[in-house]
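Take a look at the structure below. The text that follows walks through it one region at a time.

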Amino acid sequence: MREFRYERAADPAAAVALLAAAPDGAFLGGGTNLVDLMKLGVATPDVLVDVRELTSREVADLPDGGLRIGAGVPNADLAADRRVRERFPVLAQALLAGASGQLRNRATTGGNLLQRTRCGYFTDVTKPCNKRSPGSGCGALEGVHRNHAILGQTIAGSDDPATCVTTHPSDMAVAMVALDAVVRVLGPDGEREIPIAELHRLPGSDPSRDTTLRHGELVTAIDVPALGMPSRYRKVRDRASFAFALVSVAAALDVRDGVVRDVRLALGGVAHKPWRASAAEYVLRGMPATEASFAAAVESELEAATPLRDNAFKVPMARNVVVRTLLDLAGRDTERELA
Amino acid sequence: MDSQITLRVDGAAHPLAVDTRTTLLDALRERLRITSPKKGCDHGQCGACTVLLDGRRVNSCLVLAVTVGDAEVTTSDGLAVDDVPHALHRSFVEHDAFQCGYCTPGQVCSAAGILAEARAGWPSAVTPDVAADTVELTDDEIRERMSGNLCRCAAYANIVPAVADVARAEGVRR
Amino acid sequence: MTTMDRLVGAGVDRIDGPAKVRGTAPYAYEQDPGEPIAHLAVVQSTVNRGRISRLDPSRAEALPGVLAVLTPANAPRLGKGLASDLPVLQSLDVHYQGQVVAAVVAETSEIAKAAVGAIAVGYDAEPPDVALSPDREDLYAPEKLMAGFATDSIIGDVDGALAAAVVSIDATYETPTQHHNPIEMHTSMARWDGDSLTLWDADQGPHNIVNDLVTGFGLDAGQVRVISPYVGGAFGSKAFTHPNQMLAAMAARVVGRTVVYELTRQQMFSLVGHRTPTIQRLRLGADPEGRLTAISHEVVEHTARIAEFAEQTATPTRVLYAAPHRRTTHRLARLDVPPPTIMRAPGETPGMFALESAMDELAVVLGLDPVELRIRNEPERDPERDLPWSTRNLVECLRTGAERFGWAGRDLRPGVRTEGRWLVGTGVASATYPTRRRKAQCRISVDGAGRYVVEIDGSDIGTGAWTALTQIAADALGTDMASVELRIGDSRLPFAGGAGGSTGLASWGTAIVFTARDLRKQLDEQHGGQPPAGGLSVDGELPGESPHAKTHSMHAYGAHFVEVRVDRDSGEVRVPRATSVYDAGTIVNAKTARSQLLGGFSMGVSMALHEGSVTDERYGHYVNHDLAEYHVATNADIGEIDISWLDVDDQLANPIGLKGIGEIGITGAAAAVANAYWHATRLRIRDLPITPDKYFRELGES
């Protein structure tokens with residue numbers, strides 16, 4: 001681990017000022033991802049500005065029935081918050097599906113959003129990775145990528161500096177995307193609000209950037225607007241617990257008289273960012289809440305999939321799990337024979 | 001870059017100089033030679049280093065020592081009061097809830113953590129209704145909540161009843 | 001059983017338990033060497049094959065707190081005769097990725113690890129050759145297999161019998177590279193006092209380590225002491241010396257103070273061995289009633305260029321079932337990989353996955369209950385050695401297990417049971433593991449007050465040996481456990497081989513029994529049955545294998561019954577319940593033995609569903625080299641497991657009548673899971689692990 005200076009600040013503005021003056025510095029939240037990456041040599045900050053106790057640890061009610069979640073709220077506390085559990089079960093379930101009890105106790109809401117990918121080439125400094133080491137190539141494209149992205153990758157050859165096929169690891173962020181959360185940010189130029197769909201980005205031509213945040217910008221809170229419909233999170237992973245998603249689904253569904261009035265759908269484990277299934281949502285609104293509608297909707301979303309050599313299974317897996325989750329939300333349980 | 005801190009561990013205060021890079025786990029094991037918490041992966045992937053930090057279970061390998069401040073660190077050894085073993089200690093021995101014993105202090109701290117979390121009504125990934133007022137530590141609940149602690153000897157099927165007995169005594173299991 | 005039925009058999013709590021649950025039992029890193037400890041970190045090669053062309057330690061050497069940087073240019077020369085990858089830093093040649101090419105010793109672990117990053121290394125490298133395939137032209141037959149087994153065995157006309165068989169199976173099974181990953185990482189702490197070396201070490205037997213240190217550092221055996229009273233799991237990776245012991249001792253000599261080297265988890269994937277991947281072709285021929293006429297089990301696996309390790313994968317096929325025509329073969333590819341080593345039930349673990357899966361496939365073709373198929377092929381004698389069994393109760397294990405599990409009335413048809421979204425199935429497989437024992441020496445002393453000290457360099461890697469040996473000693477001495485102080489895990493103690501091959505209690509326990517008999521005889525004959533005031537000390541020895549080992553075939557057996565559930569939407573797999581019944585001879589400690597059997601079986605479930613080190617053939621490395629990506633079973637992956645054993649003993653094996661229990665539990669377990677998976681889904685997965693993606697592959701959807 002590179003040597004670094006450790007700083008605490010009096011308030012968020014001071015923390016932002018400290019980091020703005022340290023181009024190689026980083027904010028430290030719970031540290032569950034950053035300290036891990038520092039030990040691996042993947043992250044090499046020379047200054048850490050500790051914001052864990054600086055940002056709010058409160059969950060406050062918003063007038064519309066939504067919540068303002070301080071960036072410093074530990075994941076465990078957020079999952080346990082009664083209002084979250086009652087109003088946004090998808091968020092509680094997503095949090096509880098992530099990591100372990102110990103990690104959730106330490107990880108913060110702000111930090112969770114900014115988790116970095118778990119790609120084995122990213123976390124190994126001896127191997128090529130455009131995200132970690134821009135221009136070094138992508139080890140995963142033709143390498144080990146069973147658990148990589150099927151949507152929105154940049155596929156331009158292993159040696160191309162734009163290539164990146166990895167996924168975003170957060171469960172919570174998938175729920176937040178489905179919930180149309182708004183990320184509140186304090187930066188050197190003041191405050192701004194970022195709709196969460198605009199926070200995480202696809203690799204595009206610059207895989208090194210996970211988000212649209214600028215250096216020195218500090219996530220201070222996340223606003224989750226009222227939802228008003230049943231929701232749930234379903235995660236598929238290689239083992240029963242304590243593993244990153246192969247595919248996950250955050251869904252909310254409003255069915256009236258057998259017709260889908262509103263739907264929110266986001267997928268995890270399939271792209272460089274939490275994937276809002278806007279096409280599926282569009283197709284589904286106004287359709288009967290049937291298995292056939294759900295299947296047609298998710299298939300319209302997955303038409304854009306460009307699976308890699310070894311991860312095509314994620315397409316039928318995502319399709320099945322989305323359909324099942326929507327059926328559960330619709331209160332239906334259509335038995336389906338094994339194909 | 002060295003930093004002077006005082007760690008409060010199992011009821012005793014320990015002033016010491018640490019590198020800013022020093023984790024709580026290394027401060028305990030390497031500097032203070034408090035070796036109840038174990039190093040199994042150093043990346044938050046196994047749970048052997050689990051301690052209670054102000055009563056909450058955390059992976060001490062991912063906590064930088066300089067960030068700990070006044071928080072009280074409790075190790076499995078520190079759960080014994082006046083050298084009297086904790087109920088979890090006795091239950092783990094009685095149920096043979098370990099083999100090599102290396103992951104065990106972390107398992108015990110994690111178990112203490114989940115008992116408190118259950119008392120507080122916290123749901124888990126297997127709780128059918130996350131909005132329920134209370135939670136009962138069924139076998140499946142224990143399995144899920146203890147899954148942040150890997151046991152390569154695979155004493156899992158003994159850890160579950162070891163925790164269940166104490167949960168019953170504490171009223172978070174029928 | 002004859003005389004020892006008092007403590008042996010009882011489910012006594014572990015005597016090391018209270019310290020272990022509190023975390024006060026000192027593992028290697030936690031021992032007190034009596035002086036400040038310096039820390040070692042290593043630079044590892046990033047290529048698989050080649051030669052170091054450039055290595056500049058100067059930036060690291062200049063860092064404050066760095067005490068020394070060891071490189072091939074300046075490292076102390078080690079003695080000739082070290083095998084495999086033990087000549088650490090003795091050459092510029094690189095043989096596998098992850099090989100240690102430099103080591104930093106520093107005041108703190110943070111400084112040492114940071115200094116590693118300041119060392120620039122260049123290589124003249126060749127592309128890695130790491131891909132195992134049955135089509136390689138350089139496959140070769142090793143002279144012999146691990147543990148001395150013959151490479152091939154051929155009886156009768158196998159091809160003719162297969163061609164003539166009314167019913168046959170021809171299938172290829174694959175198991176991936178696996179890593180042991182004990183939760184305690186390999187750790188060695190070395191201190192020199194003059195020319196005497198003390199090594200606090202995580203290993204499976206101090207005496208296993210001493211010889212390499214003697215050879216490497218040109219010492220007498222009396223100048224080396226290895227201390228390992230508590231070991232945080234091992235599973236084979238800690239059986240033999242690895243680079244860590246050599247490095248710690250080398251570095252301590254260079255800096256003149258105690259040095260500790262604790263591997264990182266990532267280094268556990270390159271420096272301490274692994275289980276070879278296997279590709280196994282199984283062919284079975286049978287008559288319409290399911291009686292095997294031919295068995296052919298052909299194994300392809302890998303070894304390292306610098307060390308031959310030939311896993312005895314097909315050896316269980318030599319003993320498990322009767323058939324007149326039979327063949328087992330093993331072929332190796334020498335690859336640019338780290339040296340493979342033993343891992344829990346080497347041979348049986350991968351081999352039984354293939355054999356017991358094939359038996360299930362044969363039962364399907366025959367339309368026969370797979371339990372019944374196994375019973376119909378029960379051999380009266382060892383089918384290849386043509387010897388009587390010492391004891392063999394596989395059929396009773398199968399029948400008892402079927403009863404306990406509720407197997408009767410099982411619908412043979414696959415893919416027809418559902419519970420909600422789960423597809424439900426059940427499966428069975430046999431288990432077997434050889435019963436052996438090894439040379440061991442023991443010293444028992446008694447003082448005037450009748451307190452005994454039992455000394456033997458046995459090892460407790462989690463097996464329960466601390467407790468079980470104390471039980472054996474107390475019974476053999478006719479006293480209670482509180483009157484016996486056991487000393488193990490120190491090379492200064494009388495010789496014993498390490499924990500491995502399920503031989504621990506058979507060897508150490510028998511040595512204790514023999515020595516106790518001598519002691520009691522001396523007490524009776526010379527001291528009127530009372531300990532003399534000045535005490536008495538007796539040395540005893542177990543020479544080695546059982547005198548009946550040449551005339552009888554000795555094995556432990558078992559049967560696993562497993563329920564598997566597969567989510568038909570996602571392909572997720574769960575094992576909610578299982579029953580295992582064992583013929584393992586005398587059970588010394590009912591509590592710790594159950595844990596061993598439980599742990600072995602659970603590791604088999606982990607193997608079936610999760611484990612596999614994934615190689616990138618371009619870069620030649622294991623991509624998933626940590627515990628987040630190399631999945632082992634979590635608590636939530638293990639369901640209800642019913643463990644029991646038959647009330648039998650094997651007096652031909654050893655006077656205690658035990659057969660060894662450390663490995664039998666994992667053998668066959670993965671096949672039972674795969675067979676149940678087929679029964680649930682009608683999908684046959686022949687390449688482990690059974691991850692959810694393979695569900696879609698087999699359905700033809702990916």
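**From a salt bridge to the domains**

Start with one pair of residues. The side chains of E701(C) and R319(A) come together in a salt bridge, with 3.0 Å from N to O. Keep in mind that this is a predicted model.

That pair belongs to a wider picture. How many salt bridges are counted between chain A and chain C? The count is five. Polar contacts add to the list. Across the interface of chain A and chain C, twelve residue pairs are in polar contact, both residues at pLDDT 80 or more.

Which parts of chain A supply this side? Two elements, β9 (231-237) and α11 (314-329) of chain A, each give at least two residues to the side that touches chain C. The helix α11(A) gives the most, with six residues. What kinds of residue make up the side of chain A that touches chain C? They divide into 18 nonpolar, seven polar and 15 charged.

Now count the residues in contact. Chain A brings 40 residues, and chain C brings 39. Next comes area. The size of an interface is often given as the accessible area lost when the parts come together. Between chain A and chain C, the buried area is about 3,200 Å². Carbon and sulfur atoms give 56% of that area.

Stay with chain A for a moment. The domain assignment splits chain A into domain 1 (5-49) and domain 2 (231-329). How far apart are the C-alpha centres of these two domains of chain A? They lie 36 Å apart.

One residue of chain A deserves its own stop. D77(A) sits in helix α3 of chain A, which covers residues 75-80. Is D77(A) buried, exposed or partly exposed? Its relative accessibility is 28%, so D77(A) counts as partly exposed, the class between 20% and 50%. Within its own chain, D77(A) can be paired with N105(A). These two residues are 28 residues apart along the chain, yet their C-alpha atoms are separated by 7.3 Å.

D77(A) also reaches chain B. Leaving aside neighbours within four places in sequence, D77(A) is in contact with R56(B) and W122(B). With R56(B) there is a polar contact, side chain to side chain, at 2.5 Å.

Turn now to chain C. Its domain assignment gives three domains, each built from separate stretches of the chain. Domain 1 takes 17-26 and 437-542. Domain 2 takes 31-127, 183-234 and 238-269. Domain 3 takes 146-173, 279-435 and 554-699.

Look at the first two of these domains. The centres of domain 1 of chain C and domain 2 of chain C, taken over C-alpha atoms, are 34 Å apart. Their contact takes 22 residues from domain 1 of chain C and 19 residues from domain 2 of chain C. Together, the two domains bury about 1,600 Å², and carbon and sulfur atoms give 50% of this. Which residues of domain 1 of chain C lose the most area to domain 2 of chain C? They are P26(C), I461(C) and S491(C), together 34% of what that side buries.

Finish with charge and polarity. The count between domain 1 of chain C and domain 2 of chain C is one salt bridge. R225(C) forms a salt bridge with D490(C), and the closest N and O atoms are 2.5 Å apart. Ten residue pairs are in polar contact between these two domains of chain C, both residues at pLDDT 80 or more. On the side of domain 1 of chain C that touches domain 2 of chain C, ten residues are nonpolar, seven are polar and five are charged.

How values were computed: Residues are numbered from 1 along each chain as its sequence is written. Chains are lettered from A and ligands numbered from 1 in the order in which they are written. This is a predicted model: local features need pLDDT of at least 70, side-chain atom pairs count only at pLDDT 80 or more; totals for chains, interfaces and linings use all residues. Side-chain values use heavy atoms; hydrogens and water are left out. Domain bounds come from an automatic or database domain assignment. Contact means heavy atoms within 4.5 Å. Buried area is the accessible area (1.4 Å probe) that two parts lose on being put together, summed over both. A salt bridge is a side-chain nitrogen of Lys or Arg within 4 Å of a carboxyl oxygen of Asp or Glu. A polar contact is a pair of N or O atoms within 3.5 Å; within protein, one must be able to donate a hydrogen and the other to accept it, and residues adjacent in sequence count only if both atoms are side-chain atoms. Ala, Val, Leu, Ile, Met, Phe, Trp, Tyr, Cys and Pro count as nonpolar, Asp, Glu, Lys and Arg as charged, and the others, Gly among them, as polar. Helices (H or I, at least four residues) and strands (E, at least two) are DSSP runs, numbered from the N terminus. Buried means under 20% relative accessible area, exposed over 50%, partly exposed in between (1.4 Å probe, protein chains only).
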